[in-house]
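Colleague: I would like a close look at one part of this model, with the surroundings brought in wherever they help to read it. Please take the time to connect the pieces.

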Amino acid sequence: MPKNKGKGGKNRKRGKNEADDEKRELVFKEDGQEYAQVVRMLGNGRCEATCIDNVKRLCHIRGKMHKKVWIAAGDIILVGLRDYQDDKADVILKYMPDEARLLKAYGELPDNIRLNEGINTLDEEEVDGADEYIEFEDEDIDKI
């Protein structure tokens, strides 16, 4: 039997991100960086993101963020562009939903980007379709 060397298992290591709730300074893009919205997660520390300049790039999540900052589809991220590969980029930072709203308010993000904060927003067509229902008469119910 191996000797117990630690203070717990993987579940203890998983719960170390408690200091992320505090307010942090808003980081704006610099030269060689771009804002992007995650389209889908690919696995193996990679994701597909659409940058603000309307280019889809394959983004690599850096090791410092790996298994510490969880990125999902619809998140706003800051990517570092590569000089030698235009179709690939590196994820530098993930913006929290309130930070993404601030970026949009400051005019850093264009108005056509829909911020996905986990709230299901229904389009007008879906809302109109939700009012339709089937009405049964008493005779139909008796036949069933």
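Which residue forms a salt bridge with Arg82, and how many Å apart are the closest N and O atoms?

Modeller: The model is a predicted one, and the partner in question is Asp90, whose salt bridge with Arg82 has its closest N and O atoms 2.8 Å apart. Asp90 is partly exposed, because its relative accessible area is 25%, and a residue counts as buried only under 20%. Asp90 falls within strand E5, which spans 88–94.

That strand also holds Lys94, which forms a salt bridge with Asp75 at 3.6 Å between the closest N and O atoms. This second pair links distant parts of the chain, since Lys94 sits in strand E5 while Asp75 sits in the loop between E3 and E4, 19 residues away in sequence. Both Lys94 and Asp75 are buried. Further along the list of charged pairs, the side chains of Arg40 and Glu48 meet in a salt bridge with an N to O distance of 3.1 Å. Here the two partners differ in exposure: Arg40 is partly exposed, with a relative accessible area of 46%, whereas Glu48, with 15%, is buried. Arg40 and Glu48 also belong, together with Lys56, to a network of salt bridges. The count of salt bridges in the model comes to eight.

To place these pairs, it helps to have the layout of the chain in mind. The chain holds four helices and five strands, and from the N terminus on its elements run α-β-β-β-β-β-α-α-α. Of its 144 residues, 24% count as buried. Among the contacts between residues at least 6 apart in sequence, 52% join residues at least 24 apart. The chain exposes about 11,700 Å², of which carbon and sulfur atoms supply 47%.

The strands also supply the nonpolar interior. The largest nonpolar core has 13 residues, and those that touch the most other members are Ala36, Cys47, Cys59, Ile71, Ile77, Val79 and Val91. Two or more residues of this core come from each of strand E1 (33–43), strand E2 (46–51), strand E3 (56–61), strand E4 (76–81) and strand E5 (88–94), and the largest share, three residues, is given by E2. Leaving aside residues up to four places away in sequence, Ala36 touches Ala49, Thr50, Cys51, Asp75, Ile76, Ile77 and Val79. The list of neighbours of Ala36 thus includes Asp75, the partner of Lys94 in the salt bridge described above. A second, separate core consists of eleven residues, among them Ile76, Tyr95, Leu103 and Leu115.

Aromatic side chains add further links, and the structure holds two aromatic pairs. In one of them, Phe28 and Tyr106 are tilted, with 6.0 Å from centre to centre and 55 degrees between the planes. Phe28 lies in the loop between helix H1 (10–14) and E1, and Tyr106 in the loop between H2 and H3, so this pair ties together parts that are 78 residues apart in sequence. Phe28 is partly exposed at a relative accessible area of 35%, while Tyr106, at 55%, counts as exposed. The other pair, Tyr35 and Tyr95, is likewise tilted, at 6.0 Å centre to centre with 50 degrees between the planes. Tyr35 belongs to strand E1 and Tyr95 to the loop between E5 and H2, 60 residues apart, and the pair thereby links distant parts of the chain. Both Tyr35 and Tyr95 are buried, and Tyr95 is one of the members of the second core. On the outside, Phe28 and Tyr106 join Leu102 in a nonpolar surface patch that has about 300 Å² of accessible area together.

Two loops between the strands deserve a brief look at their backbone. Asn44, in the loop between E1 and E2, has a phi near 60 degrees, a positive value in a residue other than glycine. Asn54, placed in the loop between E2 and E3, also has a positive phi near 60 degrees. Each is exposed: the relative accessibility of Asn44 is 70%, and that of Asn54 is 66%.

To return to the part you asked about, strand E5 (88–94) gives two or more residues to the largest nonpolar core, Asp90 forms its salt bridge with Arg82, and Lys94, in this strand, forms one with Asp75.

Terms used. Residues numbered from 1 in each chain as written. Predicted model: local features only at pLDDT ≥ 70, side-chain atom pairs only at ≥ 80, totals over all residues. Heavy atoms only, no water. Core = buried A, V, L, I, M, F, W, Y, C linked by side-chain atoms within 4.5 Å. Buried < 20%, exposed > 50% of the residue type's maximum accessible area, 1.4 Å probe, protein only. Contact = heavy atoms within 4.5 Å. Patch = residues over 30% accessible without salt bridge, like charges linked within 9 Å, V, L, I, M, F, W, Y side chains within 5 Å. Areas by Shrake-Rupley, 256 points an atom, 1.4 Å probe, with all protein chains shown as cover. Salt bridge = Lys/Arg side-chain N within 4 Å of Asp/Glu carboxyl O. Phe/Tyr/Trp six-rings, centres within 6.5 Å; stacked < 30°, edge-to-face > 60°.
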